[in-house]
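Here are my notes from a pass through this one, written as numbered points. Have the viewer open while you read.

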Amino acid sequence: SHLMDLPTCELHRLGEISDLVTSVRLSRIRKEKLALALKNEGYIPKLLQLFQVCENAKNTEGLHFLFDIVRGILYLDKAILFEVMFSDQCILDVVGCLEYDPCLAQPRWHREFLTKAAKLQEIIPIRDPELRQKIRQTSRAQYIQAIILPNPSDFEEGFLSTLNSFISSSKEEILHGLQKDEEFLPEVFAQLTNEATAGEQRCELMKFFKEFCAFSFTLPEKRDELLLTLAKLGILPTLEMLMGMDDLQVRSAATDILSYLVEFSPAMVQEFVMQEAHQSENDTQLIIEVIEQMICSPDPDFGGDNQLMEILRALIDPEKMLAIASNLEVFEFLDIFYDRYIHVLTAPLSADTSEEWYETGNDNFDFFPFKGPYTLFFLVVNYQTAEILASVLELLSFCVERHKYHMKIYIINKDLLRRTLVLMKSKHKFLALCALRFMRRIIGLKDELYNRYITLGNLFEPVVNAVLDNRNRCNLLKSALMELFEFIRMEDIQFLIAHIVENFSDALESVKYIHTFQGLKTKYEQEKHQQNEKLS
């Protein structure tokens, strides 16, 4: 059909060209016609020549028009135009036009960023010149995509879908080219593990490798082949080493990559962890690195990381282990985990905490008396530490359900529940909730040995105290406390009902208006009556 007529590419007609480009956005047919006309008439290079004229003459009005024109052409979302605009001849002038946004008081510095980034990008030498050119073009396309995207509320369905496809297909070509180069990935691993590699270089290399893995694993047809290659190169021992480094960015990238592996190839990671567990002479182990990163990180944004918690949860999940191991092998692994690893996880809870409580008047800190080997000092729980403790308790609650036999022995031998319930008095209510949830999981198993441990240790005392402290409040902690007692009543756990009524009925008189406690007393009296009738 007849192509669109374009105004002559002259300075005094830039306003007219801008109006034309922005007017076609809502018409698919007009967008197609405009794109073909721009391509056929070699219009884009002519516009970029005008850009150089306007910039040299400091023609602000012309530069603002050119910003609207170039952004409008990119919004046409046509591959035939991308090839021209992202070429070496045009790219810097295209980006230059995007520096002069009329909404900004000062122009941006996109060209300076791109030229500097281009110099820093080649961390590992790329021997294929075509591949190097494709990498450069793709990085520029990604940069342009980032700076031209409007607010999310302005998006229409399928907005810039061709640009997204252009970038994705370019990335696939790059990955294919890198994987064909048999020396490339071994060189990456060699530099990552080499002690002589400079810190900044290793950091940049890890950023690249993380992006490489993140995109590669989204391609199902290439994933298995890549995972096999990475396994042969020793990806897991390498990540274990990198997670132990001081550089936070390196550790964070290594954690991200490990997270991808746990998601896409859990069997490979499980097998490695189980093999390491049987090699007792190996001091640094991946599972210990994950735990220590979670509970010992000095960085306030890194401690108690949910990502690390999910990785650890996946590594110790017996159901996932059964995909690669027998029941006996899983049981042996759990033996090793509870013998050598769990003390690292429970370290924040493992001190002999006193029953006393010290208030400081500071809403940001809790002070727990903490008995060390030689003296009594205070465990200071600030918000970051509280988050770490909450993450630990979440994992221990998971262990209560999934490792019933091993966890029961550990909790009773170490008196872990008593130490956990000290946190019920925390000013951080989410931490108090986590401590209560840990006890709720234990009671939910309705295990006679657990129930005897709880009653003999009088472990309901801090829970009842929490009920009394929150009796005049309406909050999540109070609701969770009521749910715990209601569960005991509904499930008719007589052993616990008798313990609660016989030891705490006087204390709970002040909350007798709560039906749950009246119900517990009624259950207790009914059971007593039945027993007396049997005796009679």
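1. Start with V84, and set aside anything within four places in sequence: what remains in contact with V84 is K39, I44 and C90. One of these partners can be given a backbone distance too, since the C-alpha atoms of V84 and I44 are separated by 7.8 Å, with the two residues 40 apart along the chain. V84 itself belongs to helix α5, which covers residues 79–85. Its relative accessible area is 22%, so V84 goes down as partly exposed; the cut-off for buried is under 20%.

2. A quick word on what we're looking at: this is a predicted model. The protein chain has 28 helices and 3 strands. Of its 536 residues, 47% are buried. How much of the contact count comes from residues 24 or more positions apart? Taking contacts with a separation of 6 or more, such pairs account for 70%.

3. Now the first helix pair I'd look at, α10 and α13. Helix α10 runs over residues 184–193 and helix α13 over residues 235–243; their axes come within 10 Å and cross at roughly 30°. Angles under 35 degrees count as roughly parallel, and α10 and α13 are therefore roughly parallel to each other. The handedness of the α10 and α13 crossing is left-handed. On the α10 side the residues that meet the partner are F189, L192 and T193, while α13 brings I235, T238, M241 and L242. By class, that contact has 5 nonpolar and 2 polar residues, and no charged ones.

4. The other pair is α17 (residues 306–315) with α20 (residues 383–402). Here the axes come within 11 Å, with a crossing angle of roughly 20°. That angle makes α17 roughly parallel to α20. Which hand does the crossing of α17 and α20 have? It is right-handed. From α17, the contact uses M309, L312 and R313; from α20, it uses S391, E394, L395 and F398. Sorted by class, the residues of this contact come out as 4 nonpolar, 1 polar and 2 charged.

5. Back to single residues, with Q293 next. Q293 sits in helix α16, residues 286–296. Is Q293 buried or exposed? Its relative accessibility is 7%, so Q293 counts as buried. Its side chain has polar partners to check in the viewer. The Q293 side chain reaches the backbone oxygen of M243 at 2.4 Å, and M243 falls within the residue range of α13, 235–243. The side chain of Q293 also makes a polar contact with the side chain of R251, at 2.8 Å.

6. R419 is worth a look for a similar reason. You'll find R419 in helix α22, residues 416–421. With 18% relative accessibility, R419 counts as buried, the cut-off being under 20%. A polar atom of the R419 side chain lies 2.9 Å from the backbone oxygen of K414.

7. Two loop residues deserve a check of their backbone angles. K446 is in the loop between α23 (429–444) and α24 (448–456). Its phi is near 50°, which is a positive value in a residue other than glycine. At 45% relative accessibility, K446 counts as partly exposed.

8. The second of those loop residues is D492, placed in the loop between α26 (476–490) and α27 (494–504). D492 is not a glycine, yet its phi is positive, at about 55°. D492 has a relative accessibility of 34% and so counts as partly exposed.

9. Last on my list is P220, in helix α12, residues 220–233. What is the accessibility class of P220? With a relative accessible area of 52%, P220 is exposed; the class takes values over 50%. For a long-range distance to try yourself, take the C-alpha atoms of P220 and F264: they are separated by 9.8 Å, and the residues are 44 apart along the chain.

Note on methods. Residues numbered from 1 in each chain as written. Predicted model: local features only at pLDDT ≥ 70, side-chain atom pairs only at ≥ 80, totals over all residues. Heavy atoms only, no water. Axes fitted to C-alpha atoms, helices over the stretch in contact; angles between N-to-C directions. Helix = DSSP H or I, 4+ residues; strand = E, 2+ residues; numbered from the N terminus. Parallel < 35°, antiparallel > 145°, perpendicular 65-115°, else oblique. Left-handed = near helix turned anticlockwise from the far one by under 90°. Contact = heavy atoms within 4.5 Å. Nonpolar A, V, L, I, M, F, W, Y, C, P; charged D, E, K, R; others polar. Buried < 20%, exposed > 50% of the residue type's maximum accessible area, 1.4 Å probe, protein only. Polar contact = N/O pair within 3.5 Å; in protein donor to acceptor, adjacent residues only side chain to side chain.
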